[in-house]
Amino acid sequence: METKLVLTGGQKLAGLLDIDASKNAFLPILAACVLCDGEIFFENYVNLTDIFCMREILSTLNIDSQLLDGGLYVNAKNVKNNKITHDMTMKIRASIFILGALLSRFRSAVIAYPGGCNIGSRPIDLHIKGLKGLGVRVVERHGYIYCHGENMKAGDVVLDFPSVGATESLVMCATLLKGRTVLKNVAKEPEIVNLQDFLNKMGAKISGAGSDTIVIEGVEKLHGTQFKVMADRIWAGTFLLATATCGGDLTLKGFKLQDNESLISLLSQSACKIDIDGDMIRLRANGRLRAVPEIQTLPFPYFPTDLQSQMMALQTVCDGGCILQENVFENRFGVVPELCKMGAKISVKGRSAYVQGVERLYGAHVFATDLRAGAALVIAGLKAEGYTTVHNVHYIDRGYDRIEEKFKILGGNIKRVVEE
Ligand code: EPZ
């Protein structure tokens with residue numbers, strides 16, 4: 001059985017959408033439920049395969065979660081420190097977050113190596129090095145990571161690179177660790193601030209998220225709480241870039257400018273008309289936009305790697321040339337050959353993709369290679385002349401809840417086809 005998205009390009013996009021809850025905030029926050037011994041109610045939820053996988057992992061730790069009133073109820077009153085096997089961890093990269101949380105609560109953990117989109121080798125050396133910096137004894141054998149925390153102690157850890165996941169793992173690991181832990185050269189992504197807010201609402205004592213230094217005063221235990229997960233800035237950026245590419249008039253509700261300043265600056269350079277009023281953003285685009293000569297992906301607050309493929313889709317039809325440099329992952333140009341099948345003019349040399357804008361794209365059969373490449377192909381298909389079929393839709397479903405329904409609301413000609 002294969003699921004495909006079939007699109008007919010050429011429509012402008014117009015309408016209003018509420019921004020979904022953030023996948024990359026929800027995933028570490030769900031892992032952080034391991035630290036709590038109470039009940040948690042999330043006021044919002046987003047139906048993504050990655051989120052479902054994390055809930056399955058929690059259930060192996062005896063943490064039950066149920067959909068309730070548009071949100072998610074989590075019962076962490078009786079967490080068990082069970083081994084997390086590879087059939088669970090291989091599905092999502094975020095499974096690695098469980099390690100720091102289990103160590104904080106139980107001082108021991110055994111989990112198999114994580115999975116994740118194939119956008120690079122995705123090592124976990126920074127996670128492991130940081131845990132060792134907190135006194136964890138780590139044994140890696142037969143695809144499993146055995147962590148012994150009897151000698152764990154609070155202290156200072158400096159990350160070699162501002163890794164988002166390693167930052168989140170170490171924040172969770174220090175939360176129930178007596179004493180003061182100072183994490184330096186950490187990632188500053190908004191999702192980390194959201195994790196800090198969630199943990200502090202349960203009684204943790206954490207400060208500094210959003211800066212390059214986070215301070216954690218260990219506490220004894222965490223109580224239950226109610227929480228609303230932040231809006232997904234990458235989801236929002238994807239729909240803004242789709243409207244810039246196809247032309248139209250899009251309004252999004254739940255937007256935070258400070259989470260997206262780098263994108264808004266680039267879209268303004270491309271001659272989109274952007275109006276922001278509170279948490280509402282309106283983008284209007286008409287005709288062929290100007291190419292942005294140089295774009296680099298870098299850790300927050302610079303342009304995010306998770307919007308690189310979607311930005312590339314826009315640049316393929318802009319007037320002029322664009323050099324897109326991917327500085328975060330070593331293999332995140334999987335979308336290039338697929339966009340070229342549609343008539344895009346792109347060449348890759350090392351970490352740079354050279355895009356020469358063309359007047360039009362042509363529909364084709366294209367294959368998503370990862371989550372954001374899939375989103376980029378949907379954008380290109382909405383723009384291209386004729387039919388486009390996007391294969392490997394399971395990648396897209398990892399990060400977008402029924403993407404075709406959202407684009408249909410905006411007037412896009414797109415449907416999900418399931419072939420036996
Ligand atoms: C998070 O991945 C996100 N995933 C990714 O989003 C996002 O692209 C990435 O951060 C960067 O913003 C989640 O939050 C679930 P990193 P993560 O650790 O934590 C290297 C999406 O599309 N590195 O900041 O894995 C790594 O190889 C996904 O939603 C090490 O070398 O990202 C990469 O080159 C894709 N050793 C760079 O650091 C380590 O131990 C950034 O990785 C860890 C990372």
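The buried residues of helix 4 are covered by surroundings that include helix 1 (23-32), helix 2 (49-60), strand 6 (108-112), helix 5 (125-133), strand 8 (144-148) and helix 6 (164-175). This is a predicted model, and the description below starts from that helix before turning to a sheet, a single serine and the two domains.

Helix 4 spans residues 97-106, and because eight of its ten residues are buried, it is largely enclosed by the rest of the structure. The residues concerned are Phe97, Ile98, Leu99, Gly100, Ala101, Leu102, Leu103 and Ser104. Just after the helix comes arginine 107, which adopts a positive phi of about 65 degrees.

An open sheet of four strands, with mixed pairing, follows the order 4-5-3-13. Strand 4 and strand 13 form its edges, each pairing on one side only, and from one strand to the next the twist averages 15 degrees. Within this sheet, strand 3 pairs with strand 13 in the parallel sense over three bridges, and phenylalanine 42 stands opposite phenylalanine 227 of strand 13. Helix 7 packs on the sheet, where it touches strand 3 and strand 13, and its direction makes about 155 degrees with that of strand 13. The residue ranges of some of these elements are collected here.

| Element | Residues |
|---|---|
| Strand 3 | residues 39-42 |
| Strand 4 | residues 64-68 |
| Strand 13 | residues 225-227 |
| Helix 7 | residues 190-201 |

Is serine 352, which lies in strand 20 (residues 352-356), buried or exposed? Serine 352 has a relative accessible area of 11%, and since this is under the 20% cut-off, the residue counts as buried. When its neighbours within four places in sequence are left aside, serine 352 is in contact with Ile323, Leu324, Gln325, Phe333 and Ser347.

On the scale of the whole protein, the chain is divided into domain 1, made of 2-20 together with 231-419, and domain 2, covering 23-227. Their C-alpha centres lie 30 Å apart, and the contact takes 21 residues from domain 1 and 23 residues from domain 2. The area buried between the two domains is about 1800 Å², with carbon and sulfur atoms giving 52% of it. Between domain 1 and domain 2 the count is two salt bridges. Arginine 233 forms a salt bridge with glutamate 191, and the closest N and O atoms of this pair are 2.7 Å apart.

Key: Residues numbered from 1 in each chain as written. Predicted model: local features only at pLDDT ≥ 70, side-chain atom pairs only at ≥ 80, totals over all residues. Heavy atoms only, no water. Pairing = 2+ DSSP bridges. Helix = DSSP H or I, 4+ residues; strand = E, 2+ residues; numbered from the N terminus. Axes fitted to C-alpha atoms, helices over the stretch in contact; angles between N-to-C directions. Contact = heavy atoms within 4.5 Å. Buried < 20%, exposed > 50% of the residue type's maximum accessible area, 1.4 Å probe, protein only. Domains from an automatic or database assignment. Buried area = accessible area lost by both parts, 1.4 Å probe. Salt bridge = Lys/Arg side-chain N within 4 Å of Asp/Glu carboxyl O.
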